[in-house]
Amino acid sequence: MKLFLDTANLDEIRKGAELGIVDGVTTNPSLVAREGRDFHDTILEIASLIDGPVNAEVTTLTKDEMLRDGREYAKWHKNIIVKLPITRDGVAACKVLAGEGIKCNMTLCFSATQALLVAKAGAWCVSPFVGRVDDVAWDGMDLVRQIVFIYEEYDFDTQVLAASLRHPLHVVQCAEAGADIATMPFKVLDSLYNHPLTDKGLKQFLEDWNKAKAEAAEHATKSAGTQPAGAKPASAN
Ligand code: G3P
């Protein structure tokens, strides 16, 4: 399963790049707006930091506008994925863009029927919003499982990109469900590293190591002090 960062914050993306395990980045209009920077410049900076798919979402509603914007974004960088909402116009635009070789991430997916439609339209990936389904007391992970099952059953090439992930268990469950990609905020990615037994074990290893080194040094000092006067060092024999 690939791991994407779901953010437009360049500091977080720099930190993610340093970790060496980030495969791509998703953004959405809310995340970009939060940063208060130019959209085009932000997307290109992200593409310069991460060598993988970078998702740029349209903010238009009609098929023609989405085609215009999608074609424009795709020219910005070879790694751009055009994000389109799953509406009638969005799916129709996806069909055309996919035919032109432009990769589309079909977003705001809340049902298996929507996922089926975008696969038929040739989407590069679909984004079920797990956390937002959980928010209305349904099981977001069930939606991921359903989509993975349907895509496998019919051999669709469209990938399942699980989005709106809020905590580490979501990531584990996505992996178990067979999602192709999981996108998450930096704080969730960062938390995947944490385990108290790793910290405890590492502390113990280093204490044992340093204690043994100190004992060896003390032993060497004592041995040097007990050499008879005028004795040759062992290496000279
Ligand atoms: O990628 C979609 C994601 O950004 C939505 O997350 O937490 O706003 O539901 P959230």
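**Reading the labels on a predicted model**

Student: Why is Cys 109 called buried?

Tutor: Cys 109 has a relative accessible area of 0%. Buried means under 20% relative accessible area, exposed over 50%, and partly exposed in between (1.4 Å probe, protein chains only). The value of 0% is under the limit, so Cys 109 is buried. This is a predicted model, in which local features need pLDDT of at least 70 and side-chain atom pairs pLDDT 80 or more, while totals for chains, interfaces and linings use all residues. Residues are numbered from 1 along each chain as its sequence is written, and side-chain values use heavy atoms, without hydrogens or water.

Student: Where is Cys 109 found?

Tutor: Cys 109 is in strand β5, residues 104-109. Strands (E, at least two residues) and helices (H or I, at least four) are DSSP runs, numbered from the N terminus. From Cys 109 to Thr 27 the distance is 15 Å, C-alpha to C-alpha, with their positions 82 residues apart in sequence.

Student: What makes Leu 108 partly exposed, rather than buried or exposed?

Tutor: Leu 108 has a relative accessibility of 34%. That value falls between the two limits, so Leu 108 counts as partly exposed. Leu 108 is also placed in strand β5. Although not a glycine, Leu 108 has a positive phi of about 60 degrees.

Student: Why does Asp 155 count as exposed?

Tutor: The relative accessibility of Asp 155 is 66%. This is over 50%, therefore Asp 155 is exposed. Its place is the loop between α8 (140-153) and β7 (159-162). Asp 155 is not a glycine, yet has a positive phi of about 60 degrees.

Student: How do you know whether Asp 157 and Gln 159 are buried or exposed?

Tutor: Asp 157 lies in the loop between α8 and β7, and has 75% relative accessibility, so Asp 157 counts as exposed. Gln 159 belongs to strand β7, and has a relative accessible area of 18%, so Gln 159 is buried. The C-alpha atoms of Asp 157 and Ala 123 are 8.3 Å apart, with 34 residues of sequence separation. Those of Gln 159 and Phe 186, 27 residues apart along the chain, are separated by 22 Å.

Student: What makes the pair of Thr 7 and Glu 12 a polar contact?

Tutor: The side chains of Thr 7 and Glu 12 are joined at 2.8 Å. A polar contact is a pair of N or O atoms within 3.5 Å; within protein, one must be able to donate a hydrogen and the other to accept it, and residues adjacent in sequence count only if both atoms are side-chain atoms. The 2.8 Å distance is within 3.5 Å, so the pair fits that limit. Thr 7 lies in the loop between β1 (2-6) and α1 (10-19), and counts as buried at 4% relative accessibility.

Student: Which residues surround the ligand?

Tutor: The ligand is surrounded by Asp 6, Asn 28, Phe 129, Arg 132, Ala 163, Ser 164 and Arg 166, where a residue is near if one of its heavy atoms lies within 4 Å.

Student: How do you know that polar side-chain atoms reach oxygen atoms of the ligand?

Tutor: By their distances to a ligand oxygen atom: 2.6 Å for Arg 132, 2.7 Å for Ser 164 and 2.9 Å for Arg 166. The protein covers 81% of the 310 Å² of accessible area that the ligand has on its own (Shrake-Rupley method, 1.4 Å probe; for residues, only the protein chains shown count as cover).
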